[in-house]
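Please open the structure in your viewer and keep the selection tool at hand. This tour goes from one stop to the next, saying at each what to select and what is there.

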Amino acid sequence: MLSSVLLDACLKAGIDFFTGVPDSFLSGLCDELFARWGTDGPRHTVAHNEGGAIGLCAGHYLSTGRPALCYMQNSGLGNTVNPLTSLMDSRVYALPCLLVIGWRGEPGVRDEPQHVRQGAITLAQLELLDIPYFILSPDTEDQAFLDRFSALLSHLREGRVAAIVVRKGALKASGKPDYGNSFVMTRERAAGILLKAMGPTDAVVSTTGKLSREIFELREKAGLGHEKDFLTVGSMGHASMIALQIARNCPDRRVWCLDGDGAALMHLGALPVIGQAAPGNLIHVVIDNGAHETVGGMPVCSGRLPLRALASAAGYPAVLSADSEASLSAALQALPKGVAGPVFLAVSCACGARADLGRPTTTPIQNRDAFMNFLKQSS
Ligand SMILES: Cc1ncc(C[n+]2csc(CCOP(=O)(O)OP(=O)(O)O)c2C)c(N)n1
C-alpha cells in the first residue's frame, strides 16, 4: 500500500502531527513524510528517540485535542514503555496517539539476531500494554486498511493509544527523496582510515547499523580477524557507554567508540557522563552524515548537529573534526599522545553506502567471546 493512503487517512481523521524515529521497514512512510513536510516543522519532526516522540504526541494532544502519529522500529518500543505506561495510559492521563511500528524479526521471517527476540515479543508487548492493533501486510488492500483504520480510530476517541504493526514491504513511497549532502568522503572510507590509524592493542566499540557492517567487511578484506571490534548490532545509542566502561577497566589500551550521529543523539546524555568520567584512553568518533542512513537516509533532527560544541560543553578536553580523507588523517596524526582524553572526533561524511554491503557472518556470541579474549590479553 502507498504510504500516502495512510497519511491521507490520518489527515482526514484529524491526525495532523507526525513524529518518530525512522526504520527501514517504514522507509516508504519516512520518504513520504519528508517529501511532504521536511523533518522539523509543525507537521513532522524527527525525534531523538522514540520516548521523546511519545512526549511530542502527548504535548500535541494536550494543546490541540488531536492525536498525533508516532512511527518507530519495534526496537524503539522499549524506549516508549515508560511514557506509554506512566503518561499516555488510560489509568494516568489517557492521552491518545497512533503508533506505526515496523515489525523486524517477525517470527518465521529470517532477520538479524538483534531483531529475533524483539520481533517475537512485539505483539505480546502491545497486548501487555493494552494497546489495540492491526497488522498491515504487503497484500493488504487499501479498502481493507481503511476499514481497520477506522476501527482503530474509535480507540483513539476513547483516549487510548492504538497501533499499526507494519510487515516488511507493506508501506511504499511514491518516490525516493535526495538525502545527499555536500561531503565526499564515504563512511566506509572514513572507517578504513580510522581502523588503519589504530594500534595493535586498541579496541573498537562500533554503533548499530551499517558502520559496524562496514568495519566487519574492512577487516575481512584486509584478511584480519574481528576480535578487536565489538559491533553493538542492537541497542542503538549505547555504544559510547559500553566503550566508556571498557576504557575505565582497560586503562592501558585505547578504546575507540565509532558512533553515528543519529545514535549519539538518541542518548545524548552519554556525553556529559563521559566528560565527567574523563577516561584518558577513550576516543569517541561520531560519523556525522546528518542522517539515519542505515534505515533509509531520513535526516537526524534539525539537520547537522553542532557536535563539537556539544562535546566541549559536555567536558571532553580534546575536540577535533574532519570532513575529508586528508583532514581525517591530519586529525588522527594530531591525536593527543598519552592520557589526554576523552577525545571527541566529529567526522563529516557523505550520506550513502555500497549497495552490496554485507552483514557480519559471525554470531554476536562469537563476537563477544573473541572480543573478551582480546581484552584479556595484556596490552
Ligand atoms: C531504538 C532503535 N530505534 C531505531 C532503530 C533503527 N535504526 C537502526 S540504525 C538506525 C540509524 C542510525 O543512524 P546513525 O547513528 O546516524 O548512523 P548511520 O546509519 O547514519 O550511519 C536506526 C534508526 C534501532 N535499531 N533502535
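Select Gly-159, the residue with a positive phi, near 85 degrees, that follows helix 6. Keep in mind as you look that this is a predicted model.

Now step back along the chain and select helix 6 itself, residues 142-157. At 1.5 Å a residue its 16 residues should span 22 Å, and because its end C-alpha atoms are 22 Å apart, the model agrees with that expectation. Within this helix, colour Phe-149, Leu-153 and Leu-156, which are buried. If you look down the axis of helix 6, you will find that its buried residues fall within an arc of 55 degrees, so they line one face of the helix. The general reason is that an α-helix has 3.6 residues a turn, so residues three or four places apart point the same way. On the face turned away from the buried side, select Gln-143, Asp-147, Ala-151 and Ser-154, which are exposed. To see what covers the buried residues of helix 6, show helix 1 (3-12), strand 4 (97-102) and strand 6 (161-166), which are included in that cover.

Next, colour the two domains of the protein chain, which the domain assignment gives as domain 1 (3-166) and domain 2 (187-376). Their C-alpha centres lie 30 Å apart, and 18 residues of domain 1 are in contact with 19 residues of domain 2. On the side of domain 1 that touches domain 2, select helix 2 (27-37), strand 2 (44-46) and helix 5 (113-128), the elements that give two or more residues to it. Helix 2 gives the most, with 4 residues. If you colour this side of domain 1 by class, its residues divide into 6 nonpolar, 8 polar and 4 charged.

Move now to the ligand. Which residues come nearest to it? Of the 26 residues around the ligand, they are Gly-260, Gly-262, Ala-263, Glu-293 and Thr-294. Helix 8 (210-221) and helix 10 (261-266) are the elements that give two or more residues to this shell, and the largest share, 3 residues, comes from helix 10. Domain 1 and domain 2 each supply at least three residues to the shell, and by class the shell has 9 nonpolar, 12 polar and 5 charged residues.

For the next stop, select the loop between strand 8 (229-230) and helix 9 (239-249), where Thr-232 is found. Most residues other than glycine have a negative phi. Thr-232, however, has a positive phi of about 40 degrees although it is not a glycine. Is Thr-232 buried or exposed? With 27 other C-beta atoms within 10 Å, Thr-232 is buried, because 20 or more such atoms are enough for a residue to count as buried. Ser-235 has its place in the loop between strand 8 and helix 9 too, and Ser-235 likewise has a positive phi, about 60 degrees, although it is not a glycine. Ser-235 counts as partly exposed, because it has 16 C-beta neighbours inside 10 Å.

Finish by selecting Leu-375, which is found in helix 14 (residues 364-376). Leu-375 is partly exposed, with 18 other C-beta atoms within 10 Å. Leaving aside residues up to four places away in sequence, Leu-375 touches Ala-203 and Cys-250. Draw a distance from Leu-375 to Cys-250, C-alpha to C-alpha: the two are 125 residues apart in sequence and 7.7 Å apart in space.

Definitions and conventions: Residues numbered from 1 in each chain as written. Predicted model: local features only at pLDDT ≥ 70, side-chain atom pairs only at ≥ 80, totals over all residues. Expected span 1.5 Å × (residues − 1). Buried ≥ 20, exposed ≤ 12 C-beta atoms within 10 Å, placed from the backbone. Arc of directions from axis to C-beta. Contact = placed C-beta atoms within 7 Å. Near = placed C-beta within 6 Å. Nonpolar A, V, L, I, M, F, W, Y, C, P; charged D, E, K, R; others polar. Domains from an automatic or database assignment.
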